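Take a moment to turn the model in your viewer before reading on. The paragraphs below go from the chain as a whole to the empty spaces inside it, and then to a few single residues.

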Amino acid sequence: MTNSTNTTSKTDYDVIIVGAGFAGLTAVHRMRELGFSVRLFEAGSDVGGTWYWNQYPGLKVDVESVEYSLSFSYVIEQEWTWSERYAGPQELCRYANFVADRLDLRRDIQTGTRIDAAEFDEGCGIWALTTNSGEQLRSRFVIMCTGMLNQPVKPPFKGLDSFEGKQYHSARWPKEGVDLSEQRVGVIGTGSSGVQIISAIASQVGHLHVFHRTPGYCLPLRNCVMPEEYSTRVKANYGEWRAAERYNSFGGWVALNYQIGKPVTGSALDATPEERQALFDERWESGGLSFYNVYPDVYTDLKANAVLSKYLQDKIRERVKDPKLAEILTPKYPALTKRLIAETNYYEVYEQENVELVDLSKQGIDEITPKGVRVGDTEYALDCIVFATGFDAMIGSLKAMDVRGRNGLTFAEHWDDGARTHMGLMSAGFPNLFIINAAGSPAPLFQPIILGQEQVQWVGRLMIKLAERNINCIETTSKAEDDWGRLCDETLSATLFPLTDSWYIGKNVPGKSHTGLAYFGGMESYRQAMTDAEVSAYADDFILTTFEG
Ligand code: NA7
């Protein structure tokens with residue numbers, strides 16, 4: 001521990017939180033419970049986070065609503081009832097509003113206000129923040145709840161601004177909606193966003209061109225009106241559901257055919273073909289992302305994975321009648337190494353006469369022209385282009401912000417060669433700043449609502465312990481970042497994820513490093529790392545400072 005002289009110790013708040021998604025709302029509630037003064041700033045005009053920004057047609061959450069929800073409040077769990085098995089963004093935003101109102105969080109939340117800059121004052125260990133309206137604020141701690149899929153990738157095409165029609169990014173869809181009827185629409189990208197948009201708009205538009213580079217494993221969501229009996233049963237047993245979710249190391253969701261699915265152990269290769277078929281069929285019928293909870297070695301062993309991949313590939317070939325089209329739409333990479341895509345009648349869309357697939361696997365898009373999209377010698381004339389080209393995941397939101405730690409260091413500089421964090425919670429040179437659900441955490445592979453809650457709990461306990469010991473500044477070290485980055489990379493290498501280009505490993509953004517991007521070791525060992533830091537009273541891997549006065 002070091003001592004330093006206090007220069008200006010006056011603060012407006014103990015903690016400032018950035019971002020009003022579920023993690024941000026959780027953080028406001030928790031900080032207040034612990035007796036800290038807190039203010040949350042949100043650039044959007046309302047709470048909801050990713051569901052406020054992402055409102056494209058057809059969007060549904062791909063984890064069951066009863067599970068994709070906050071678990072720290074019994075009142076919220078009991079009083080809120082979901083209308084659909086998989087909620088859409090409007091309902092998720094209504095839920096976020098309900099949480100904000102019911103827990104009386106709104107008096108500490110300022111929407112429509114972006115934090116434009118944040119600078120660490122080394123003399124007194126306090127953050128000075130500036131909002132887009134020029135308001136200056138000082139806070140001892142900052143909690144960044146800015147989301148792992150927040151910063152859209154700028155479509156990397158020549159001629160983008162020359163297009164004379166309308167263009168939209170899936171992640172910034174106009175809230176008032178877009179009338180696409182009778183339009184010639186092009187959708188570029190067939191990840192979760194593109195696939196959901198395509199399925200939703202195909203019957204409305206005049207003509208739809210799907211610009212398709214890599215096929216994904218798409219499987220039925222099986223959304224429906226929430227069965228009342230199911231909702232009632234989950235509410236009566238929420239404790240049991242939440243415990244099962246928390247200890248489900250990959251995924252963090254457990255619903256299977258409206259029950260808590262039993263964990264599967266053992267190798268896919270040791271099971272008989274009949275056993276495997278029964279297991280996979282059960283998941284297929286259940287719908288959604290239940291295939292994440294199958295034999296654990298599908299994540300680590302190519303042969304085990306091949307059994308699952310073949311099952312899912314065969315399902316696609318059954319659904320796509322035209323063999324040539326089926327071949328283009330069938331993925332060849334190991335299943336699960338890119339996020340599964342939960343859809344509604346996606347493959348059937350290609351049976352419509354107004355839908356045409358443009359295969360980019362051999363010849364990519366050359367440019368956007370004033371009239372449309374050019375691929376080789378063909379120009380596709382369009383009235384509207386939808387870019388569903390994904391996000392600069394895990395690091396994008398912080399790299400885009402003007403956050404300056406020690407010596408004016410920004411995240412863009414610090415993370416230039418890869419994400420550097422300790423446990424995905426702190427970064428060296430950024431004292432008293434915590435990051436939720438972002439780089440270095442298991443967020444891509446574990447339900448971010450649960451992870452966010454556990455991270456916020458950890459931050460809260462840490463802040464209390466610092467206060468008890470009269471320590472007012474905590475910072476992680478470069479060595480801790482090196483060690484954590486190495487661990488992230490080792491856990492990644494132990495899986496099949498490096499075999500496939502995806503946002504999980506930064507391969508969707510040219511030149512982006514996978515180093516430290518996410519922790520692939522599962523939630524249990526991640527949780528243990530957080531506990532170890534507490535048990536050692538932050539003596540290892542952290543610098544603790546007390547400012548006098
Ligand atoms: P994704 O899953 O990153 O998908 C982006 C899509 O855009 C994907 O199909 C890409 O093809 C495609 N893409 C990106 N750049 C290009 C270029 N230059 N040319 C053609 N196609 C391109 O983003 P989403 O928004 O769909 O989903 C992100 C997550 O949000 C999702 O996993 C869920 O967790 C929720 P590629 O596969 O790279 O060949």
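**From the whole chain to single residues**

The residues that line the largest cavity divide into eight nonpolar, three polar and three charged, and this lining is a place to which we shall return once the whole chain has been described. Please keep in mind throughout that the model is a predicted one.

Looking at the chain from a distance, you can trace 15 helices and 23 strands. The radius of gyration is 24 Å, close to the 24 Å that the globule rule gives for 549 residues, so the chain is as compact as a globular protein of that length. Along its principal axes, the C-alpha trace spans about 75 × 55 × 45 Å. Of the 549 residues in the chain, 59% are buried, while the chain as a whole exposes about 21700 Å², an area of which carbon and sulfur atoms supply 50%. Among the contacts with a separation of 6 or more, 73% are between residues 24 or more positions apart.

We can now turn to the spaces between the atoms. Rolling a probe the size of a water molecule over the atoms shows where empty space is left. In this structure there are three cavities of 30 Å³ or more, and the largest of them has a volume of about 100 Å³. It is lined by 14 residues, of which Glu 77, Trp 80, Trp 82, Lys 235 and Tyr 238 are the closest to its centre. The elements that give two or more residues to this lining are α3 (74-79), α6 (228-236) and α7 (238-246), and α6 gives the most, with three residues.

The second largest cavity has a volume of about 70 Å³. Its lining is formed by 13 residues, and those closest to its centre are Glu 64, Tyr 86, Trp 253, Ala 255 and Leu 289. By class, the lining of the second largest cavity divides into five nonpolar, four polar and four charged residues.

Besides cavities, there are also pockets to consider. The second largest pocket has a volume of about 460 Å³, and of the 27 residues that line this pocket, the closest to its centre are Asn 248, Ser 249, Phe 250, Val 264 and Asn 293. The lining of the second largest pocket has 15 nonpolar, nine polar and three charged residues.

Finally, consider three single residues, beginning with Ser 193, which has its place in helix α5 (residues 192-201). Is Ser 193 buried or exposed? Its relative accessible area is 13%, and because buried means under 20%, Ser 193 counts as buried. Leaving aside neighbours within four places in sequence, Ser 193 is in contact with Tyr 56, Ser 170 and Ala 388.

The other two residues draw attention through their backbone angles. Most residues other than glycine have a negative phi. Arg 222, however, has a phi near 60°, a positive value in a residue other than glycine, and Asn 407 has a positive phi of about 55° although it is not a glycine either. Arg 222 lies in the loop between β11 (218-220) and α6, whereas Asn 407 is found in the loop between β20 (402-404) and α12 (411-414). With a relative accessible area of 31%, Arg 222 is partly exposed, while Asn 407, at 73% relative accessibility, counts as exposed, because that value is over 50%.

Terms used. Residues are numbered from 1 along each chain as its sequence is written. This is a predicted model: local features need pLDDT of at least 70, side-chain atom pairs count only at pLDDT 80 or more; totals for chains, interfaces and linings use all residues. Side-chain values use heavy atoms; hydrogens and water are left out. On a 1 Å grid over the protein atoms alone, a cavity is a set of points where a 1.4 Å probe fits but cannot get out, and a pocket is an open set with protein on both sides within 12 Å along at least five of seven lines; lining residues have an atom within 4 Å of a point. Grid points are joined across faces, edges and corners, and a volume is the space filled by probe spheres set on the points. Helices (H or I, at least four residues) and strands (E, at least two) are DSSP runs, numbered from the N terminus. Ala, Val, Leu, Ile, Met, Phe, Trp, Tyr, Cys and Pro count as nonpolar, Asp, Glu, Lys and Arg as charged, and the others, Gly among them, as polar. The radius of gyration is taken over C-alpha atoms; the globule rule is 2.2 Å times the number of residues to the power 0.38. Buried means under 20% relative accessible area, exposed over 50%, partly exposed in between (1.4 Å probe, protein chains only). Contact means heavy atoms within 4.5 Å. Accessible areas come from the Shrake-Rupley method with a 1.4 Å probe; for residues, only the protein chains shown count as cover.
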